[in-house]
Amino acid sequence: MNASHDDQDGLEPRVGPVPKDDPDFHPYHHPAAGWGAAKSVTRVLVRERALVDGPRAIMRMNHENVGFDCPGCAWPDDTKGLHLDICENGIKHVTWEMTGKRVGPEFFAAHSVTELSGWSDFDLEDQGRLTEPMVYDPESDHYVPISWHDAFELAGRTLRALDSPHQASYYTSGRLGNEATFLYQLMARELGTNNLPDCSNMCHEASGRALQASLGTGKGTVDLKDWETTDALFIMGVNAASNAPRMLTALAEAHRRGAQIVHINPLVEAAATRTIVPHDFLDMATFHSTRTSTLNIQPRIGGDMALLRGMAKAVLDQAKTDPKALDRSFIDRHTANFEEYKALCEATSWEEIERQSGVERDDILKVARVYRDADRSIVSWCLGVSQHEHGVDTVREIVNVLLLRGNLGREGAGPSPVRGHSNVQGNRTCGIDHRPSDEFLDRLAAACKIDPPREHGLDTVGTIEAMHRGDVKVFVGMGGNFALAAPDTPYTYEALRSCELTVQVSTKLNRSHLVHGRQALILPCLGRTEKDHQRQGVQSTSVEDSMSMVHLSVGMKRPASRHLLSEPAIIAGIARAALPESRTPWEWYIEDYDRIRDTMEEALDGFEDFNRRVRLPLGFRIKQPARELVFLTPSGRAEFSTAPLPDVVPAPGTLALGTMRSHDQWNTTIYSDNDRYRGIKNLRTLVFMNKDDMRERGLSEFDPVDIVSTAKDGSTRSLNGYLAIPYDIPRGSAAGYMPEMNVLCAICDYSTQSDQPLMKHVKVTITAAT
């Protein structure tokens, strides 16, 4: 397969807005956040005409139990009751949802699907909020209005007519609240399938599997208080200034109290330099910035595991003369396989560690010295670690390093994955899992009086492949923009178009509404900022942050349309139509979400006394057995892993390319063609390259290039005419923006450890454009 970006059927070459000016690149040397963020927020409020509602939302966002949870990242709420626990990207996301623009029947009557398919993705979302349920009419090639009753009947009738319940797949975006999540998985399992793919399959699946294998829990063990007391923070594969901007506050506070902060990333991002936190009014007034790092290390793409192995080797070497370098008491009492891991580290040469990591031994020793000298350490990571073939092994290596010095089960220490989307962790906790445990299914069966299926279902890649084969005929997307978020864009488009029915539950028009099955429904839902009125009054939903805190979210704004339904109500409507004989009280649940929570309390471990505890200040934290040094592993101990180092050095003439967001972007939503923190204006079709790699290929700044990826099966995919940008990135590595570059990641290029698409490690050749 040779898929060119410019000539595929239905593949729109532009995602962001059409630039008004020529592309520009000037490296960014200012503090993260600060006045740059303030100016950006002001521009967004003016553009979206939200000068009244915007400030009101800012004063309600992330306020415990009386406000709504930011629909952006999953960073925890401030433990000190901070009244402006907000960030630039969170405000962008909220104003994007609160826009006064509307997409109703008149819009769809004026524009056919064929016409809209030629629009940019920015222009599609920029039309505003969806207002009524719509159904695709193939004769006119337009979406036309449909009543909620008829929409539910169409979905239910199609699901009932399937030869097998496994011919449907139910995808979940991280936006879904816990109550809707629980009902969604209940519906799927009552229908008879565990086909519950979610966005975790594309981001942190490796983290969950690794932590489960090492510690017996699929989540991190630390909370925000641990971040406030730790001696050393190791931040790996995270662009925090854009993806989790509220982390900047924690980094600045850590630096002020003398903690060591080591950033490990192929690119030195803005969050790894210095910041002015906008709610630090004195700093804003005096332009006083605070450093957010004490050391920056740049491994090659995929080199993190080798760097971690080097840290462990250095600590073990030191222990030969200084027994205090290791916590032998912790290792002997709480771990398994230490001697095997020690032997593996000793057998791994420094030459191989340097070669695979792309980092010199002296720099690795600097990182190891920070770790060895710290009494309490936290290692935090994001997709730069997990979206690789060896992502599971790398996260397990993180745990290995932490175990060496007993950095688990005590304040200020432990593993801390950074979830990139609000409530994506809650989705998994509340049952969105294509590989559910027998224990979960047993409790669900007892609480809900159903007989759930026991065989594993399909994940994201498996769903796309099954749709492509014709084995999955119905796709239901609960939020998100699946068509753009998934890998191998042309293949995913073909898969969706092969379906009998696609159902998209959404707030705004996006590409997934135009890449649809033979029948298609658009079901518009309430946003996180909007009041959810049900029979028993205004309802609240709960969400779980990336550190396992569960708290309530209550909308503040009148809904964008009187025709909108909440996500729980939409799920219940589909379920009742698809399961007419169901004994599940779907309508009764929707009248009062406390009733859903009462059932969740019975079905979910850690949700005891749910309705009372979720209303406590800041909510409650789900118990983490590993935090209490209880390890639900086969050995009953924390297990060292002994995986060999993978070979991640690119073959001669090739580069390892990682996809990433720009700063003015949230997942597949593009706010502009600018990337402030990387110094880019008016450009998204670019590739960041090492200067020496460019020189070797005869390239200068802004030269057009062709990028060709080669998949595991030997097929190729290409992007043509992208512009080369010289950047501070290791030799052999390159980077560019998703979702445009998702086309380069073949459907067969997924990790054999986690089944995740290899979005951060695509093998490419880059040459001057022909």
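This is a tour of a predicted model, stop by stop, with something to select at each one.

Some ground rules before you click. Residues are numbered from 1 along each chain as its sequence is written, and side-chain values use heavy atoms, with hydrogens and water left out. Because the model is predicted, local features need pLDDT of at least 70 and side-chain atom pairs count only at pLDDT 80 or more, while totals for chains, interfaces and linings use all residues.

**Stop 1: the whole thing**

Show everything as a cartoon. You should see 30 helices and 34 strands; helices are DSSP runs of H or I with at least four residues, strands are runs of E with at least two, and both are numbered from the N terminus. The C-alpha trace spans about 75 × 60 × 55 Å along its principal axes. A compact globule of 770 residues would have a radius of gyration near 27 Å, and the 25 Å found here agrees with that. (That radius is taken over C-alpha atoms, and the globule rule is 2.2 Å times the number of residues to the power 0.38.)

Now colour by accessibility. Buried residues make up 66% of the 770, where buried means under 20% relative accessible area, exposed means over 50% and partly exposed is in between, using a 1.4 Å probe and protein chains only. Among contacts (heavy atoms within 4.5 Å) between residues at least 6 apart in sequence, 78% join residues at least 24 apart.

**Stop 2: the largest pocket**

Select Gln212, Thr217, Gly218, Asp433 and Ser437, which are the closest to the centre of the largest pocket among its 35 lining residues. About 1200 Å³ of space lies in there. On a 1 Å grid over the protein atoms alone, a pocket is an open set of points with protein on both sides within 12 Å along at least five of seven lines; a cavity is a set where a 1.4 Å probe fits but cannot get out; lining residues have an atom within 4 Å of a point. Points are joined across faces, edges and corners, and the volume is the space filled by probe spheres set on them.

Add helix 9 (205-215), helix 21 (424-429) and helix 22 (438-448), the elements that give two or more residues to this lining. Helix 9 has the largest share, 5 residues. By class, the lining has 10 nonpolar, 13 polar and 12 charged residues; Ala, Val, Leu, Ile, Met, Phe, Trp, Tyr, Cys and Pro count as nonpolar, Asp, Glu, Lys and Arg as charged, and the others, Gly among them, as polar.

**Stop 3: the second largest pocket**

Next, pick Arg43, Ser672, Asn674, Arg676 and Lys681, which lie nearest the centre of a pocket lined by 40 residues. This one holds about 1100 Å³. Which element gives the largest share of its lining? Helix 1 does, with 8 residues. Helix 1 (34-47), helix 3 (88-97), strand 11 (274-276) and strand 29 (680-681) each supply at least two. The class count is 14 nonpolar, 12 polar and 14 charged.

**Stop 4: strand 19**

Select 519-524: 5 of the 6 residues in this strand are buried. Strand 18 (501-506) runs parallel to strand 19, joined by 6 bridges, and strand 6 (134-137) pairs with strand 19 in the antiparallel sense over 2 bridges. Two strands count as paired if DSSP finds at least two bridges between them. Zoom in on Leu521: this residue is the bridge partner of Val503 and also of Val135.

**Stop 5: an enclosed space**

The whole structure has 9 cavities of 30 Å³ or more. For the second largest, about 230 Å³, select Gly527, Arg528, Asp532, Thr541 and Glu567, the nearest to its centre of 19 lining residues. Helix 8 (178-191) and helix 26 (567-578) are the elements that give two or more residues to this lining.

**Stop 6: a small sheet and a loop**

Show strands 22, 23 and 24, an open antiparallel sheet in that order. Strand 22 (541-544) and strand 24 (620-621) are at the edges with a single partner each, so one side of each has no neighbour in the sheet. Val550 stands opposite Phe620 in strand 24.

Finish at Gln536, in the loop between strand 20 (532-534) and strand 21 (537-539). Is Gln536 buried or partly exposed? Gln536 is partly exposed, at 47% relative accessible area. Beyond its neighbours within four places in sequence, Gln536 is in contact with Glu591, Asp592 and Arg595. Asp592 is 56 residues away in sequence, yet 5.6 Å away C-alpha to C-alpha.
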